[in-house]
Every structure is written in C-alpha cells, then in structure tokens.
Amino acid sequence: QLQLVESGGGLVQPGGSLRLSCAASGAALANYAIGWFRQAPGKEREGVSCISSSGGTTNHADSVKGRFSISRDNAKNTVYLQMNNLKPEDTAIYYCAAVPLSAPIQPIRTMRRLLGSWGQGTQVTVSS
C-alpha cells in the first residue's frame, strides 16, 4: 500500500524559498498522480498543486501560480514542491497525497485525496 511522508518544511522569511519533498514507499509512485494540500490554523485543508503520474501535466491553485512549482522523480519515488517568494499567508501544514489521475486537468479546488490517510505533514511558517 502506498505510503507518503512529507519533509522539508521550516521557518522562512517573506520572499524566501523552501522545497518540500514527498517520499513514497510501499508502491511505485509512478502509478499515481500526486497532490499537495495545505491547512492553515482555523481553515479547511485546500489543494495547492498536483502533478500527473508521468510528470507531464501540473496544476496549481491561483494563489500560488507563478511562485510554486511541482515536479517528480519517479526513479527516486519522490515528488517535490518548490515554493518561491513565500508569503505569510502560505503558512500552513503541507500534506501530499495520491489523487485521482484526472486531478491535474480539473480545477484544483476539487482535488481530493484518493486513498490512504493523511500523514503528519510538514510545517511551513513564513514570518519575519
């Protein structure tokens, strides 16, 4: 069964960058589209970015377009979220999850976890 573990979060100043990693085990990551979600204090979890199983199609929420990019290395069973020009409103716990194969071509707000349960996530704090 696919298991995903997030890492790479931390404290960064506004305008800074972080790269999050989503490492898979238990199954071949190449079979899955993967999405990144985030949950800020007092808010619902929301979709941020997703990538198709091959890596050829990506999708982002409007709030992060032009600042975040998503990529994957199926040989390393890892998906990455590169976050640049971070803003205080990006502060949240970030989670990755397998998502439906169609997710990269659908509105990001409709993205849902496909299987498994949420991991612990990785905390991203943007503050001066």
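**Group meeting talk: the disulfide, the sheet and the core**

Let me begin with one cysteine: Cys 96 is buried, with a relative accessible area of 4%. Before I go further, please keep in mind that this is a predicted model, and that every value I quote was computed from it.

What does Cys 96 bond to? Its partner is Cys 22, and the two form a disulfide in which the sulfur atoms are 2.1 Å apart. Cys 22 also counts as buried, at 0% relative accessibility. The torsion about the S-S bond of Cys 22 and Cys 96 is about 80 degrees, so the disulfide is right-handed. As for where the two residues sit, Cys 22 lies in strand S3 and Cys 96 in strand S9, so the pair ties together parts that are 74 residues apart in sequence.

A search of the whole structure finds one disulfide, which leaves the matter of Cys 50. How far is the sulfur of Cys 50 from the closest cysteine sulfur? That closest sulfur belongs to Cys 22 and is 13 Å away, which is too far for a bond. Cys 50 counts as buried too, at 0% relative accessibility.

Let me turn now to the sheet. An open sheet of six strands runs in the order S2-S10-S9-S4-S5-S6, and its pairing is mixed. Strand S2, residues 10-12, and strand S6, residues 58-60, stand at the edges with a single partner strand each, so one side of each has no neighbour in the sheet. From one strand to the next, the twist averages 25 degrees. Within this order, S9 and S10 run antiparallel and are joined by three bridges, and Tyr 94 has Thr 122 in S10 as its bridge partner.

Tyr 94 brings me to the interior, where the largest nonpolar core has 36 residues, and where Tyr 94 is listed with Ile 34, Trp 36 and Met 83 as having the most contacts inside that core. The elements that give two or more residues to this core include strand S3 (18-25), strand S4 (33-39), strand S8 (78-83) and strand S10 (122-126). S9 gives the most, with six residues.

Next, consider strand S1, residues 3-7, along which the side chains alternate: Leu 4 and Glu 6 point to one face and are buried, whereas Gln 3, Val 5 and Ser 7 point to the other face and are not. S1 pairs with S3 in the antiparallel sense, over five bridges, and one bridge partner in S3 is Ser 25, which is matched with Gln 3.

I would like to finish with a threonine, Thr 78, which has its place in strand S8. Is Thr 78 buried or exposed? At 9% relative accessibility, Thr 78 counts as buried. Leaving aside residues up to four places away in sequence, Thr 78 touches Ser 21, Cys 22, Ala 23, Leu 29, Arg 72 and Asp 73, so that list takes us back to Cys 22, the partner of Cys 96 in the disulfide. Thr 78 and Ala 24 are 54 residues apart in sequence, yet 6.1 Å apart in space from C-alpha to C-alpha. Finally, a polar atom of the Thr 78 side chain lies 2.8 Å from the backbone oxygen of Lys 76.

Key: Residues are numbered from 1 along each chain as its sequence is written. This is a predicted model: local features need pLDDT of at least 70, side-chain atom pairs count only at pLDDT 80 or more; totals for chains, interfaces and linings use all residues. Side-chain values use heavy atoms; hydrogens and water are left out. A nonpolar core is a set of buried Ala, Val, Leu, Ile, Met, Phe, Trp, Tyr and Cys residues joined through side-chain atoms within 4.5 Å. Buried means under 20% relative accessible area, exposed over 50%, partly exposed in between (1.4 Å probe, protein chains only). Helices (H or I, at least four residues) and strands (E, at least two) are DSSP runs, numbered from the N terminus. Two strands pair if DSSP finds at least two bridges between them. Axes are lines fitted to C-alpha atoms, for helices over the stretch in contact, and angles run from 0 to 180 degrees between N-to-C directions. A disulfide is a pair of cysteine sulfur atoms within 2.5 Å. Contact means heavy atoms within 4.5 Å. A polar contact is a pair of N or O atoms within 3.5 Å; within protein, one must be able to donate a hydrogen and the other to accept it, and residues adjacent in sequence count only if both atoms are side-chain atoms.
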